[in-house]
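Me: I would like to go through this structure by question and answer. Please reason from the atoms and finish each reply on what was asked.

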Amino acid sequence: MSHNLSDFVAQSVQTLPEALRLLAEPADPSLGPWRPLAGGTDLMVTLAAGTLPAGRYVDIWPLDELRGITVTDQAIELGALTTYTEIRQHAQLMTEFPLLGLAAKETGAIAIQNRGTIGGNIANASPAADTPPALLAYDAELELTSLSGVRTVAYSQFHSGYKQMDRRPGELITKVRLRRPPSDAPGRTVHYYRKVGTRAAQAISKVCLAAFARIDGARLLNIRLGLGSVAPTPLRCTRTESVLLSGPLDEALIRRAEATLAYECSPIDDVRSTSAYRRRVTLNLLRELLQQCRSDRRE
Amino acid sequence: MRLTLTVNGIERTCDVHPLARLLDVLRRDLSLPGTKEGCGEGECGACSVFVDGKLVNSCLVPAMQVAGRDIQTIEGVAPSAELLDRVQEAFLRHGGAQCGICTPGMILAAKALLAEHPQPTMAQVREGLGGNLCRCTGYTKIFESVIAAAALPAIPPSAQPSALEEAKR
Ligand SMILES: Cc1cc2nc3c(=O)[nH]c(=O)nc-3n(C[C@H](O)[C@H](O)[C@H](O)COP(=O)(O)OP(=O)(O)OC[C@H]3O[C@@H](n4cnc5c(N)ncnc54)[C@H](O)[C@@H]3O)c2cc1C
Ligand code: FES
Ligand code: FES
């Protein structure tokens, strides 16, 4: 092991207010502010690699109030500590918001799914993470809590740049909220999720597209596209969405949407893939999705 | 911190840093070297153990999160000194282990899989062991061992001799 644990302070808490009090403490001159530790599947890797900044960590794993999935008339809410395994096991969530279950299934192997949390996935802010595209496709909301209260942020507004986010000092992500559409919402729904990596299991994505669409006849009534690994942040493709809503879903519209998406995403070359490959695959995924929307229409 | 936890049914106590890896607590502080270290970053599964019945990678679990918890390691899998667990038995019979470094993790992952899917398909075996890497066997013998284990009775043969004889044939 390369790391020196004596540079790290860590403390467990039993209640949310206790956690918030620590997080609200002013930064220590040498150790910095308190930072949350959840399932540790990102933090412990960086700790072992020697890249985790020395400092103070508050272990929120014991906070049962941040666990579990709640269904109300308006929404399904996931506590920030909800694990991938818990997501996969929740029948109603899997039925109404299947993309989240597909993302959870694609995330690491069982032992990772038993420990990794949705809050940690969001706050770790990797552009290659697997739940963000699904959260964008469903226009999820985040609940952030600090000693000064609770606020709600649209997830599409949360990431502002590479590893930068709208999380104020002292705030913890406490909930992820998925609004349930009214049961009489018009049109047929399409849920699409595809992660492209080096192999089926356990690979970090090269490109990931999640989409939710409503289609009536030849027209899309609504579409939301969430992309991973093609920009400094998980990307909601609003310009491509507007193109797709502007007319009947025919070959000409698909071509325009592809041209827009090619422009809207900004993939990079890195160890996992090249920019050109990622852009090509992104467009292929869009076409596959739109073909799925069209074939559903003919049923 | 003073850490108290239950390992393989026995309460143990040691002094560790709260962020020490459960893997090191087991191997170094509690002298249980059956749990192996491969990658140290969650990719290989050699360090798999159960925490409160859930499969985890012990290299990613900080000591502070297992205070008061119930841990099962490979050392606690066989029901007695004479008797092996059915998964261990199947690995022996079907050549599921070569150098053995991945084996403790494979066996625990297989047990987690069989708890969820008592009669797993090959696809389920592959998914269930997807987090466990092996550089020796080429996996086929491991997957075959797990399928074979599913056909063995979960309870010790002393309690169910006829069923074991049945399964052996
Ligand atoms: C082998 C392996 C495979 C993986 N595969 C995938 C994959 O396929 N796809 C994928 O997306 N990810 C993958 N991951 C990454 C990781 O498992 C996920 O990002 C996981 O969801 C992180 O959650 P955690 O609870 O373990 O976070 P932690 O490691 O505990 O924390 C991660 C970050 O989030 C912060 N944080 C945690 N909870 C909160 C909160 N409630 N509020 C504010 N900040 C918080 C922490 O301060 C830290 O910065 C993998 C990791 C490993 C080791
Ligand atoms: S050593 Fe823990 S997963 Fe490889
Ligand atoms: S038997 Fe050697 S690594 Fe699997």
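Me: How do the residues of the shell around ligand 1 divide into nonpolar, polar and charged?
Reply: The model is predicted. In it, 33 residues lie around ligand 1. By class, the residues of this shell divide into seven charged, twelve polar and 14 nonpolar.

Me: Which helix supplies the largest share of the shell around ligand 1?
Reply: In chain A, strand 2 (34–37), helix 2 (43–49), helix 7 (118–124) and strand 10 (172–179) each supply at least two residues of the shell. The largest share is five residues, and these come from helix 7 of chain A.

Me: Why is the site of ligand 1 shared between chains?
Reply: The residues that come nearest to ligand 1 are A:P36, A:T41, A:Y84, A:T117 and A:D130. The site is nevertheless shared, because the residues surrounding ligand 1 come from chains A and B.

Me: What percentage of the area that ligand 1 exposes when taken alone does the protein bury?
Reply: Oxygen atoms of ligand 1 lie 2.6 Å from a polar side-chain atom of A:Y84, 3.2 Å from a side-chain N or O atom of A:K195 and 3.3 Å from a polar backbone atom of A:G108. Taken alone, ligand 1 exposes 980 Å², and the part of this that the protein buries is 92%.

Me: How many residues of helix 3 of chain B are buried?
Reply: Helix 3 of chain B spans residues 103–116, with 14 residues. Its buried residues, among them B:M106, B:I107 and B:L113, pack against elements of chain B including helix 2 (86–93) and helix 5 (140–151). Buried here means under 20% relative accessible area. Of the 14 residues, the number buried is eleven.

Definitions and conventions: Residues are numbered from 1 along each chain as its sequence is written. Chains are lettered from A and ligands numbered from 1 in the order in which they are written. This is a predicted model: local features need pLDDT of at least 70, side-chain atom pairs count only at pLDDT 80 or more; totals for chains, interfaces and linings use all residues. Side-chain values use heavy atoms; hydrogens and water are left out. A residue is near a molecule or strand if one of its heavy atoms lies within 4 Å of it. A polar contact is a pair of N or O atoms within 3.5 Å; within protein, one must be able to donate a hydrogen and the other to accept it, and residues adjacent in sequence count only if both atoms are side-chain atoms. Accessible areas come from the Shrake-Rupley method with a 1.4 Å probe; for residues, only the protein chains shown count as cover. Helices (H or I, at least four residues) and strands (E, at least two) are DSSP runs, numbered from the N terminus. Ala, Val, Leu, Ile, Met, Phe, Trp, Tyr, Cys and Pro count as nonpolar, Asp, Glu, Lys and Arg as charged, and the others, Gly among them, as polar. The expected span of a helix is 1.5 Å times one less than its number of residues. Buried means under 20% relative accessible area, exposed over 50%, partly exposed in between (1.4 Å probe, protein chains only). Contact means heavy atoms within 4.5 Å.
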